[in-house]
Amino acid sequence: MEADDLKSTMLTMNPTVIVPSPILLWRSKVFLFIFWGVVCCKIGWDSVMRMSADVRDLFLYEAFLYYNPLLLVTMMVWLWGINLWFFSQSNVNYSKIFELDQNHLTHHEIWKCATWMTIVVPTSMTAYLYLYSCGEVSLAASQPVLLYLAVVIILVFPFEIFYLSSRFFLLRTLWRIVVPLQAITFADFFVADILTSMSKVFSDLERSVCRMIHRQVATIAWFEADSVCGSHSVAIPVVLVLPYLFRLFQCLRQYKDTGEKATLLNALKYSTAVPVICLSALKYHVFPDRWTNVYRPLWLLSSVMNSSYSFYWDVKRDWNLSTFTRIFKFNRPHFLSHLLYGRKWVYVWVLGSNLIFRCTWTYKLSAHLRHNYLTVFAITALEIFRRFQWIFFRVENEWSKMNLKPNVHISMSTLSTEEDKLLNSSSHDV
């Protein structure tokens with residue numbers, strides 16, 4: 001009894017635990033996030049302004065090369081989270097479409113990953129700018145190297161942390177894309193299509209890793225055009241064309257498995273990107289007059305063919321225009337559903353923007369235009385945004401096909417039952 005009295009006395013003496021509301025926590029996180037962004041921008045701007053004018057442009061070009069691939073990947077992760085949020089609101093079972101297990105990442109986990117990427121990548125870039133402006137060249141050069149190593153370690157870490165099952169699924173899908181020795185699933189060619197939109201990202205990653213291996217980070221040796229990692233490197237067009245070749249081989253594998261002629265036409269679409277990339281790379285290996293009179297017109301012609309064919313395939317094959325905006329019909333009332341569902345402007349915007357972004361797509365595939373790095377970055381970001389729009393209608397089209405298959409099976413089974421009854425019946429005359 002004395003123990004019970006002591007326990008009750010202690011409980012009454014304990015102060016009430018104050019739990020902050022979720023809204024207050026969310027506002028605090030947003031404030032800290034914005035404050036961190038302002039601090040990074042201020043430190044980065046001051047660091048750049050301390051450099052001399054002749055070094056500033058070259059250094060910014062190099063810093064942009066190391067960090068713009070990861071910034072674009074971060075953008076893609078944010079947009080993929082938005083895709084998943086829309087799917088969850090509109091009863092699209094994306095886990096069934098992609099054959100995901102019950103531990104798959106939802107849009108909340110995707111956004112959490114994107115938030116950490118948004119914090120870590122600009123912080124490393126700010127440290128790179130600050131250390132270089134202070135004369136700590138060796139410490140500055142280590143920043144992108146450590147960041148790239150951290151990304152690789154997190155991806156291949158074999159223990160049950162950092163969403164092991166999802167990382168394994170991603171790595172397995174990438175392996176199936178590179179080596180298409182098995183039947184192609186929807187997730188395989190879906191991810192491969194996204195990789196084609198990020199071919200410029202992979203090209204910059206190759207150049208960044210090349211400079212890290214040859215110890216050219218935070219130096220001006222890389223700027224020489226004929227250096228190992230220079231703008232004349234043969235590796236640039238090779239890396240640019242690889243995602244399209246992977247997708248091409250997938251189409252050929254699908255034709256081998258299914259015999260559908262449409263897969264050959266799809267393979268032809270991806271093959272039209274090869275001349276765009278190869279002809280552009282020839283500028284550094286032919287005489288200027290020959291480039292202007294022969295190869296440049298061929299490059300322009302191949303660019304028009306690639307953009308036109310890709311736009312046609314998006315509208316005619318990848319999308320189902322009869323169900324164009326049902327993806328925006330939510331289960332519960334929402335202002336976005338009211339804004340997007342059944343609106344003609346959505347139809348006009350998606351078609352028009354897809355055509356324009358397809359036409360500018362060839363700019364980022366062209367190696368001889370890569371020195372305009374801010375323009376190329378903006379066009380690559382627009383291409384990723386185009387792919388973000390494409391995902392809505394491609395996934396919806398696949399979901400509609402999956403919903404039609406059970407009905408087809410039911411009708412076929414009913415037909416078979418009727419045929420069996422007629423064949424087994426003995427009360428008929430021949």
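The questions and answers below deal with helices, burial and salt bridges in a predicted model. In this predicted model, local features need pLDDT of at least 70 and side-chain atom pairs count only at pLDDT 80 or more, whereas totals for chains, interfaces and linings use all residues. Residues are numbered from 1 along each chain as its sequence is written, and side-chain values use heavy atoms, with hydrogens and water left out.

Q: What does the secondary structure of the chain come to, and how are helices and strands defined?
A: The chain has 16 helices and zero strands, where helices are DSSP runs of H or I with at least four residues, strands are runs of E with at least two, and both are numbered from the N terminus.

Q: Why is the pair Asp46 and Lys42 called a salt bridge?
A: A salt bridge requires a side-chain nitrogen of Lys or Arg within 4 Å of a carboxyl oxygen of Asp or Glu; the closest N and O atoms of Asp46 and Lys42 are 2.5 Å apart, so the pair meets the definition. Both residues belong to helix α2 (residues 22–49), where they lie four residues apart and are separated by about one helical turn.

Q: Why are Asp46 and Lys42 called partly exposed?
A: Buried means under 20% relative accessible area and exposed over 50%, with partly exposed in between (1.4 Å probe, protein chains only). Asp46 has 27% and Lys42 has 49%, so both values fall in the range between those two cut-offs.

Q: What makes Lys200 and Asp204 a salt bridge, and are the two residues buried or exposed?
A: Their side chains meet at 2.5 Å, N to O, which satisfies the distance criterion. Lys200, at 7% relative accessibility, counts as buried, as does Asp204 at 2%. The two residues are four apart in helix α9 (residues 199–213), and about one helical turn separates them.

Q: How do you know that Glu383 and Arg386 form a salt bridge, and where do they lie?
A: The closest N and O atoms of Glu383 and Arg386 are 3.0 Å apart, so this pair also lies within the limit. The residues are three apart in helix α16 (residues 373–424), separated by about one helical turn. Glu383 is buried, with a relative accessible area of 1%, and Arg386 is buried at 0%. Salt bridges that share partners join Asp314, Arg358, Glu383 and Arg386 into one network.

Q: How many salt bridges does the structure hold, and what share of the chain counts as buried?
A: The structure holds 10 salt bridges, and of the 430 residues of the chain, 41% count as buried.
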